[in-house]
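Hi there,

Here is the structure I promised to send over. Have a look at it first, and then read on for my notes.

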Amino acid sequence: MGDIAFLLIIFFMLVSNFMKSANIEIERPRGAELEQQESSRCSVVIDKDRTLWFEGVQSTASEIKGVLQDQAERDHEFTVHVSIHRDLQKKDFMPLIQAVSESGAKMILTGEPEE
Amino acid sequence: MARLRKKKTGDISLDLTSFSDIANLLIIFFILTTSLARPFGRQIEMPSSAKPEEQQQNDSTPTVRITGDRLIFSTGENNEKEISMNELRSELWARKFAEQPKNKRSVVVETSPEVSYDRYYQVVTAVAAAGGVIAILEE
């Protein structure tokens, strides 16, 4: 019984980690010269409703900039994956891109490879 | 005559409770060690506000203006032309940014408000793939 209880706890801890971004609806843009990247330690997403998500939690561009600045100061190779819904306009995505670039973290814009 | 004793056939039963523990441990092991799908993307270099002297921009800095469905490429006041994405890629690769010092790899990208991220993404990834550093023109 004790074994099963611990196993269930571990199982739900792992599953909740993977489900963090399951409810974020986003269609990534297509690009011709993309490379496969390593899985990210940090991700920022703007979904189709223009909601900004930082590691699965709603946030704002200024908050993200502050957090990324701290991380980039500690680790100069700190990389953040930025995923933005393809149909958003400049006023929706540009503040985030500027915030990430000003934080000093390395930025990877994710997308889908063109067929 | 010695009494023949019947051999008692004992209950042969396996205790299977440990099997379910092992099965769950194996599932957790493979969840942790499986490599997740790696995303596609491109690292974008932009001058950070902390180091503005990194990039030099002058009249001959390549500029890409994205408006609606048009791409306008210019390298000076009287030297601008409308081009396609493939022509833009050729122009960028022809500049051999990878062989230039970092302070001469700027490409200015101007975007109209109505431009979608999909269009912007194609241009910035083309610039990044050619080794350029993207400078955003602030209005």
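Let me start with a question: which strands of chain B does helix H2 (residues 85–94) of chain B lie across? H2(B) lies across E2, E3 (70–74) and E4 of chain B, and runs at about 20° to E3(B). Please keep in mind as you read that this is a predicted model.

**Chain B in outline**

Chain B has three helices and six strands. Along the sequence they follow the pattern α-β-β-β-β-α-β-α-β. Of the 139 residues of chain B, 23% count as buried. If you take the contacts in chain B with a separation of 6 or more, 68% of them are between residues 24 or more positions apart.

**The sheet**

Five strands of chain B make up an open sheet with mixed pairing, in the order E4-E3-E2-E5-E6. Strand E4 (80–83) and strand E6 (133–136) of chain B are the edge strands, each pairing on one side only. On average, and ignoring direction, neighbouring strands of this sheet are turned by 30° against each other. As a reminder, strands of a sheet pair through backbone hydrogen bonds, either parallel or antiparallel.

Both senses turn up around strand E2 (residues 63–67) of chain B:

- With strand E5 (residues 106–111) of chain B, E2(B) pairs in the parallel sense over four bridges. B:Val64 stands opposite B:Val109 in this pairing with E5(B), and B:Ile66 has B:Thr111 as its bridge partner in E5(B).
- With E3(B), E2(B) pairs in the antiparallel sense over five bridges. Here the bridge partner of B:Arg65 is B:Ile72 in E3(B). E2(B) and E3(B) form a hairpin with two residues between them, and B:Gly68 in the turn has a positive phi of about 50°.

Besides H2(B), there is another helix to look at on this sheet. H3(B) lies across E2, E5 and E6 of chain B, at about 175° to E5(B).

**Around B:Val109**

B:Val109 is a good residue to click on, and it lies in strand E5 of chain B. Is B:Val109 buried or exposed? B:Val109 has 20 other C-beta atoms within 10 Å, and 20 or more is the cut-off for buried, so B:Val109 counts as buried. Leaving aside neighbours within four places in sequence, B:Val109 is in contact with B:Val64, B:Val123, B:Val124, B:Val127, B:Ile134 and B:Ile136. One of these, B:Val123, is itself in contact with B:Val64, B:Ile66 and B:Val109, again leaving aside neighbours within four places in sequence. B:Glu91 makes a useful landmark: B:Val109 and B:Glu91 are 18 residues apart along the chain, and their C-alpha atoms are separated by 14 Å.

**The nonpolar core**

The largest nonpolar core has 40 residues. Those that touch the most other members are A:Val82, A:Leu96, A:Val100, A:Met107, B:Val123, B:Val124 and B:Val127. H3(B) gives the most to this core, with eight residues.

**Where the chains meet**

In all, 30 residues of chain B are in contact with 37 residues of chain A. On the chain B side, the elements that give two or more residues are helix H1 (17–33), strand E1 (40–44) and helix H3 (117–129). H3(B) supplies the largest share of that side, eight residues. By class, the side of chain B that touches chain A has 16 nonpolar, nine polar and five charged residues.

The chains also pair strand to strand. Strand E2 (residues 35–36) of chain A and E1(B) pair in the antiparallel sense over two bridges, and A:Glu35 stands opposite B:Gly41 in E1(B).

**A few words on chain A**

The mean pLDDT of chain A is 87, with 96% of its residues reaching 70 or more. Among the elements of chain A, helix H1 (residues 2–18) has the lowest mean pLDDT (79), and strand E6 (residues 79–84) has the highest (93).

You could also look at A:Glu73, which lies in helix H2 (residues 61–74) of chain A. With 12 other C-beta atoms within 10 Å, and 12 or fewer being the cut-off for exposed, A:Glu73 counts as exposed. A:Glu73 and A:Ala105 are 32 residues apart in sequence and 8.6 Å apart in space, C-alpha to C-alpha.

Best wishes

Notes
Residues numbered from 1 in each chain as written. Chains lettered and ligands numbered in written order. Predicted model: local features only at pLDDT ≥ 70, side-chain atom pairs only at ≥ 80, totals over all residues. Contact = placed C-beta atoms within 7 Å. Nonpolar A, V, L, I, M, F, W, Y, C, P; charged D, E, K, R; others polar. Pairing = 2+ DSSP bridges. Axes fitted to C-alpha atoms, helices over the stretch in contact; angles between N-to-C directions. pLDDT = per-residue confidence, 0-100. Core = buried A, V, L, I, M, F, W, Y, C linked by C-beta atoms within 7 Å.
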